[in-house]
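Q: Please take a close look at one part of this structure and describe it for someone who has not met it before. Plain terms will do.

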Amino acid sequence: MSVALIFNQKPTEEWQRNLQELLPDTKVEVYPNISNSDDVEFIATWKPHRNYVAEFPNLKVVQSVGAGIDHLLHTKIPDSIKVSRIVDPALKQEMFEHVLACVMTSMKNLLTYYKDQVRKEWKPTTYQNIKETTITILGLGEIGKLVAEQFVALGFQVKGWSNSPKNINGVESFAGKEGLNVAISKTNFIVNILPLTGDTEGILNKDFFKECSAHTVLVNVGRGAHLDEKDLLIAIEEKQIKEAYLDVFIEEPLPENHPFWSNENVYVTPHIASVTNATTALKQVADNYNRMKNNETLLNEVSLERGY
């Protein structure tokens, strides 16, 4: 048996070296330098190429090395193959810290004042305070739940929306299509942390923005494909969306000629809201490999039907 690492846009040297140390009796190889594809029963991957599954006839597990699995699903994965993802408490906390930074930056007009400084203009303006600010979290899974709870603890008014009803202390919860419009109306910030599924792809579109209160701030740390980029630019131009803090994009890296770069109400970060901690993730990968060998239940196994 062997493990194959298939990484795109992520270095492999540290992963191969450290995973080999954790699995000293197992061959750990980096694609495409696989000595015998028939030996591969376990893949750890990030953004693999299309039809990667077909190259390994004895494959049993596909392990995403990130929190999501949407990057795996361009290829049909047979029911006989199990899929798992990384759930890291540090990832959840770092996601909250990134979102909090975006929210506080907007509330206190820090980027507006930076622009004024460049122009040497002294222009005090009104700001928001925590107790009077409402935040809607889209997606109340492992990460979204923690983000919502942390905002509640700070004194924000928090609403949440998810596919099914959730009971989270201090969070006004909504579910299903009928609850979405209520969740996103009368709120100051909308934070998207949804998983990418057939139902959520393109959810941040013109119809969505029309239901938002005027001057709502959007923070997208979910997936780029959640957002209709052209519709967002129109919503900003029409003042329906005040500004947008975007960490994920349909095409990454964001092309140099993309209009987001030059829009003064769009703030771009290069998919760094929460980055997988290699040490923590490696332990989960090694643990799941051993669980596979022992026919035990995998950690953080994913339902392909639901997409999360």
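A: UniProt lists residues 101-273, in an unreviewed entry, as "domain: D-isomer specific 2-hydroxyacid dehydrogenase NAD-binding" (positions in the numbering used here, name shortened, annotation possibly inferred rather than shown by experiment). This is a predicted model, in which local features need pLDDT of at least 70 and side-chain atom pairs count only at pLDDT 80 or more, while totals for chains, interfaces and linings use all residues. Residues are numbered from 1 along each chain as its sequence is written, and side-chain values use heavy atoms, with hydrogens and water left out.

The span 101-273 is 31% helix and 20% strand, and its end C-alpha atoms lie 10 Å apart (helices are DSSP runs of H or I of at least four residues, strands runs of E of at least two, numbered from the N terminus).

The part to look at closely is strand 4, residues 61-64. In a regular strand the side chains alternate between the two faces of the sheet. In strand 4, V61 and Q63 lie on one side and V62 and S64 on the other, and all are buried (under 20% relative accessible area, 1.4 Å probe, protein chains only; exposed is over 50%, partly exposed in between). Both faces of strand 4 are thus covered.

Strand 4 also has two partners (strands pair if DSSP finds at least two bridges between them). Strand 3, residues 40-46, runs parallel to strand 4 and is joined to it by 4 bridges; here T45 stands opposite S64. Strand 5, residues 82-84, pairs with strand 4 over 3 bridges, also in the parallel sense, and V61 stands opposite K82 of strand 5.
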